[in-house]
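This report examines the internal spaces, the nonpolar cores and one helix of a protein model. The model is predicted rather than determined by experiment.

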Amino acid sequence: MLEASTKFKRLRYSLCILAGFLLLALAFFIVNRSVLYITFRAEAQQNADRLTRELTIQHQLVTRTQRKGLHSQPETPLGLRGTKDQTIPWPERLHENAQLIDANAASMIADDLANRFPVNWLICVDKHGRILSVFPEEMPKYQAEQLLQQNTHPDTWNRSVQTGEITFASQFSYFGWGTPDFTAIVPHKIDGEVLYTFILSAEPKVTRQTVLNAVAVATAGGFLVVLIAGASVAALLWRNLKERWQTTKTIRFLAHNDPLTHLPNRALFHEQLTNTLRKASITAADIYVIAVDVDKFKEINDTHGHAAGDVFLQVIADRLRLVFDTHLVARLSGDEFAVMVEDVTSDHEVTLLVERLMSAIKPPCHIEGKNLDISLSLGIAKATDAAWRTSRLLHCADMALYRTKTTGRSGFTWYEPSMDEDLQRRKILEAEMRKALKEDGFSVQYQAQVSLSDKKLKGFEALLRWNHPDRGWISPDVFIPLAEDTGLIEQLGEYVLRKACADAASWADPTLKVAVNFSPSQFKTGEIEQKIDSALRAAQLSPDRLEIEITENLLIKNTQSVVSSLTRIRQMGVSVAMDDFGTGYSSLSYLSKFPFDKIKIDRTFIRNLGTDAHTDAIVASIIGLGRSLDVLITAEGVENESQRQILRAAGCDLVQGFLFGRPRVVDPRHPFEGVDCLQNRPEKPAEDRSERVTS
């Protein structure tokens, strides 16, 4: 298909070139014909002027004479057709016309003109078209008529008679051959009235000067035509070639560069790195690759829009160029960059460059009136010998980058061989998580929440658990972060939500509530309200029995949109709790932005409760704040009686921890089983109660 298209283009170009040559040849031909026309037309004009002067000199030959009935004769066309005297012999008719004009006038005038140019024939007619005199004298009738019919168009003759001006008739054609012939129609006036018309045909008198003039004019005209045609073709070709050149340049640029930042793309970076490693294997030089990832870039896109995200990436690209000005900087994908560092003598120089970059990104990026902080995670890998390949070096830099992201972001990490084993374990664990999710390998357990005021069970918190068939129970601290990194947290979160709602609907006590933790990733889709409503409807669970728990991190990432979602969820009848309160920096400010139904004190405070006075004061302050805001307070991680008594004395509402029950699967018929609560304690016999009352 491509080959056929190429052949068609070549044929089209060949035809265009051939057509161009044909047009040039035609232009030359037309120019030459035009020059011939102008030259011979000018000579015909000169001959007509000479005839006019001769008529003035020979005025007595063409003086009008009186004839009876002259003006009563009908007008007839040229060529004598329709005249009444066609039966009169030709010599007699000419003799008859002598009464109007001398029959020898045409011959005598032609003889005088012949001294200056060769006269082919000359015919004199009156205003009615009758022939009065001819030259040569022996011209027969049919010839005179034929000459008039072939060389004199009636319209041309009538125009000359009516206007009294000299006109010319010609059978000239721009696309014909031969020299042009002109027939001059010269009217003669007597007393201001056109009575006679002389029709003259003369052989062109082509002189050397005429030829030179014609050649000069034709050459100049042809050159001008060629110049204009050449300029036009050159302009068209330049336009076409310029567009093709610009298109080719653009395609070549897009093939090797990123259109947004104008940095080299992955393909060019890979090619340059391969060539550099090949040279380094000969020179024994060290080559470094720095993998750069923009932290939380998706949140910038979601919050401020893709246009702001594009500007944000351009700013980062400019700062990378500023720091690594002599090194290759490339954009590999959406928020991933890479730097190839060469011609350095030590690892310390690379570390200094990276530290300079971290300093360069400290000033925020100002976009659309907002200051956006820049955070980059970096991974550094070093090729030390000829055994390193491009893919291997990039892979090692990516592993170092991943270590940076998992240990807090906004920093850099050097590659270490042990990272290969960690990455392999993570890949295996990720694959097993996906398999467990498909095969229902996860389970949900519940930890009781007990009221300190009446010791009654108020509800449960749903906790995700994974019992691996080979490894046994895997801690949530291991697989939850991995699920967040791989995007599986959304599926796991929805699984826990639906499972918790279904289980709660089956519990024998309809007053028990169930609390479900929500990850920030679950709020990114913007469909959290619909998912909660769908889970409640599917389980036929009352909304007031569901409680969702969020952390401060969720509000930090996108406060306005999250608050809007939480408001809609609360309007559904679902209660909202802030989990891990006190561990962040802005917990108090978020209490003023959204009316939470519950605050959960983090277990880190409860652990030191009763042993550290500062901790006791902080916990008492949180409980007092909750009571002031009319918000329920729940303490997590209560494991001993001392902690319970301190919390009860401080006015804490609910407690949760191993002291009251470990996470377990709840029996729908006996939800209080395994929980240290009032409902689970056996009542004493009636007689014991009566004796105690009597006594």
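## Cavities

Two cavities of 30 Å³ or more are present in the structure. The second largest cavity encloses about 50 Å³, and its lining consists of E490, G493, E494, L497, F518, Q522, I528 and K531.

Helices α14 and α15 (528–539) are the elements that contribute two or more residues to this lining. The largest share, four residues, is supplied by α14. In terms of residue class, the lining of the second largest cavity comprises three nonpolar, two polar and three charged residues.

## The second largest pocket

The second largest pocket has a volume of about 500 Å³. Its lining is made up of 16 residues, and those nearest the centre of the pocket are C16, I17, G20, V233 and L237.

Two helices, α1 (2–57) and α6 (208–256), each provide at least two residues of the lining of this pocket. Helix α1 accounts for the largest share, with nine residues. The lining of the second largest pocket contains 13 nonpolar residues and three polar ones, but no charged residue.

## Nonpolar cores

The largest nonpolar core comprises 72 residues, and I532 and L647 have the most contacts inside it. Helix α14 (residues 489–506) gives this core its largest share, seven residues. The helix α14 thus named also supplies four residues to the lining of the second largest cavity.

Which residues are in contact with L647, leaving aside its neighbours within four places in sequence? The contacts of L647 are L452, I606, L609, V619, I623, A635, V638, C652 and V655. A second core, separate from the largest, has 34 residues, including A308, I316, I361 and L378.

## Helix α9

Why should the end C-alpha atoms of helix α9 be 26 Å apart? Helix α9 covers residues 306–323, and its 18 residues should span 26 Å because each residue adds 1.5 Å, counted over one less than the number of residues. The end C-alpha atoms are 26 Å apart, in agreement with that expectation.

The buried residues of α9 are A308, G309, F312, L313, V315, I316, A317, R319, L320 and V323. In an α-helix there are 3.6 residues a turn, so residues three or four places apart point the same way. Of the buried residues of α9, A308 and I316 are among the members of the second core.

Note on methods: Residues numbered from 1 in each chain as written. Predicted model: local features only at pLDDT ≥ 70, side-chain atom pairs only at ≥ 80, totals over all residues. Heavy atoms only, no water. Buried < 20%, exposed > 50% of the residue type's maximum accessible area, 1.4 Å probe, protein only. 1 Å grid on protein atoms, 1.4 Å probe; cavity = no way out; pocket = protein on both sides within 12 Å on 5 of 7 lines; lining within 4 Å. Points joined across faces, edges and corners; volume = space filled by probe spheres on them. Nonpolar A, V, L, I, M, F, W, Y, C, P; charged D, E, K, R; others polar. Core = buried A, V, L, I, M, F, W, Y, C linked by side-chain atoms within 4.5 Å. Contact = heavy atoms within 4.5 Å.
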